[in-house]
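Q: I'm new to this one, so could you walk me through a few parts of it?
A: Gladly; here it is, and we can go one topic at a time.

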Amino acid sequence: MNWATIRDCRGKLAHETGTILKDWGGRIHVALIYPNRYSVGMSNLGLQTIYGLANSFDQVVFERVFFEGHEPASLESQRPLSDFDVFAFSFSYEHDYFNAARLLKSSGVPLFSRDRDTRHPLVIAGGAAVTANPEPVAQFIDCFGIGEAEAILPRMIGIFSEGLDLPREQLLEELSLVPGVYVPAFGDQTVIRQAAKNIDDFPTTSVVLNPQTELGDMYLIEIARGCARGCRFCLAGYQFRPARFRPVESLLAQVREGLRYRHRVGLVSAAISDHPQIEDLMEGLRGMGANFSASSIRIDPLPETLLQGLARSEAKTVTLAPEAGSQRLRNVVGKGISEEDILDAVSRVAAYNFKQIKLYFMIGLPTETDSDIVAIAHLIQSAKAVADRSRSGIHFTLNITPFVPKAGTPFQWMPMARKTVLKKRLAMLKKELRQQGVEVKADSIEWSLIQGMLARGDARLGTVIANMSKVNLSAWWQGLEQSGIDSDAIYQPIPFEERLPWERINSGTSRDRLQGELQKAILNEY
């Protein structure tokens, strides 16, 4: 291990609070790998949860590994990956598949699971991206945890502690009997996504704090999991069902704990204002004098106490997500809000001393036309006029994301818009809004297309990833061509009768129901 890597790891540890250091003697050694930067990974509450949960078991030691562009090593002990018995990847985003392949290659472990045996570490993976569709990395991973770690990981750890030395096929057979575990080598296995029945049994809060991470000034607390809204594009609304809420008494106890370490807590869920005890939660926070930030606010409902609490907490920005500019297109995606709702929310936000309103929209949504893009510009013009009537000078920022069809949602059969169309519509929007003094930020169209291919891809994409000498756009398109994969498939709808690569995953929502929602969307029915 080179000195630069050791110095980097120790520098991060020096700023941490809550690091879990365990003696390696007599324990199974697991590398918990988040294949992205440390600052991103340590702002991920899912990774923090796994780290705390797994290390609560005495027989294992879980140490974190991140992708920082240098020789990979565990953060806690600065050991090389070759010292670990198990590699456990956490995939939040499809783009992290590229970094995972590079980490495996650099560790000296064969990239393809078929080339590994008991001399090599067991390679497992979980997370939102592979819970929806594990196939693009199925050639690299020995087994996947499909669903929530709290419902799967304890049984997997039990098997590790009893049988990690078993012949690899026998070990995988034992793991395949655990509900939610998918072993690609065993062929046409059907796997049921697992969910924690009572999330309050598992506190989901920050475990390790570091002021140098993206959300390092906050103590994060999950207040709910899943979403009952069912927006037709949204992975969270379908892969984390059913919606579950933590009781306010537990949340306030977690806030008290968090205030020992940070002056601000971050409330995390798909839609903060959907919590049935949101008023009680706001009252409790106010009683403690706790400042907070919110990960996501729905336009309707938008409780006044929530806005008051954010203003009291000196939040600078309020983020709202209309998603589409026209009522027709909001009906198509199942958003369930009107223009009146949006403008009313803007008016109420502008009445407080927030400096910025951030609005999220998508482009390239199914059935979208140029007139829907014009509708975004008109909606922003109306929103600015409404805000100016309350208080002039509030800054508007638009975050634009190309629509990406996700496995397990009603839109999984729908195509992406072509790159030329997306670029034209983004340029239209920027031109219209520049004249209104509105800042526009947009995700990369090219990389969004690659994300779409990975989100709906099959195991052949693993070969493309494996053969890429560099991670860039040209290497990806060249790899597709060499593998004989039709790069235009992302622009085509998938026929209903076609078997989907991820159909072995039973997410808990039937194909008939997903198709029914898609047909409603096509008919412009909410």
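Q: How do helix α6 and helix α7 pack, and at what angle?
A: This is a predicted model, and in it helix α6 (residues 149–163) packs against helix α7 (residues 168–176) at an angle of about 155°, with the two axes 10 Å apart. Because angles over 145 degrees count as roughly antiparallel, α6 is roughly antiparallel to α7.

Q: And which residues of α6 and α7 meet?
A: From α6 there are M156, I159, F160 and G163, and these meet L171, E174 and L175 of α7. Sorted by class, that contact has 5 nonpolar residues, 1 polar and 1 charged. The crossing of α6 past α7 is right-handed.

Q: Moving on, how do the axes of α16 and α18 cross?
A: The axis of α16 comes within 11 Å of the axis of helix α18 (residues 473–482), and the two cross at roughly 40°. That angle makes α16 oblique to α18, and α16 passes α18 in a left-handed crossing.

Q: What meets what between α16 and α18?
A: On the α16 side the residues are E446, W447, I450, M453 and L454, while α18 brings L473, W476, W477 and L480. By class, this contact of α16 with α18 holds 8 nonpolar residues, no polar ones and 1 charged.

Q: Does α16 turn up elsewhere; which helices supply the lining of the second largest pocket?
A: Both α16 (445–455) and α17 (460–467) supply at least two residues each to the lining of that pocket. The second largest pocket has a volume of about 420 Å³, and among its 20 lining residues the closest to the centre are R456, G457, R460, A489 and I490.

Q: What classes do the residues of that lining divide into?
A: The lining of the second largest pocket divides into 10 nonpolar, 5 polar and 5 charged residues.

Q: Changing topic, which residues does a cis peptide bond join?
A: One such bond joins R241 and P242, with omega at about -5°, and P242 is found in the loop between α8 (236–239) and β10 (244–245). The peptide bond from D300 to P301 is also cis, with omega near 5°, and P301 is found in the loop between β12 (291–294) and α11 (304–312).

Q: Last one: what is the phi of E314, and where is that residue found?
A: Phi of E314 is near 60°, which is a positive value in a residue other than glycine. E314 is found in the loop between α11 and β13 (317–323). As background, most residues other than glycine have a negative phi, and most peptide bonds are trans.

Definitions and conventions. Residues numbered from 1 in each chain as written. Predicted model: local features only at pLDDT ≥ 70, side-chain atom pairs only at ≥ 80, totals over all residues. Heavy atoms only, no water. 1 Å grid on protein atoms, 1.4 Å probe; cavity = no way out; pocket = protein on both sides within 12 Å on 5 of 7 lines; lining within 4 Å. Points joined across faces, edges and corners; volume = space filled by probe spheres on them. Helix = DSSP H or I, 4+ residues; strand = E, 2+ residues; numbered from the N terminus. Nonpolar A, V, L, I, M, F, W, Y, C, P; charged D, E, K, R; others polar. Axes fitted to C-alpha atoms, helices over the stretch in contact; angles between N-to-C directions. Parallel < 35°, antiparallel > 145°, perpendicular 65-115°, else oblique. Left-handed = near helix turned anticlockwise from the far one by under 90°. Contact = heavy atoms within 4.5 Å.
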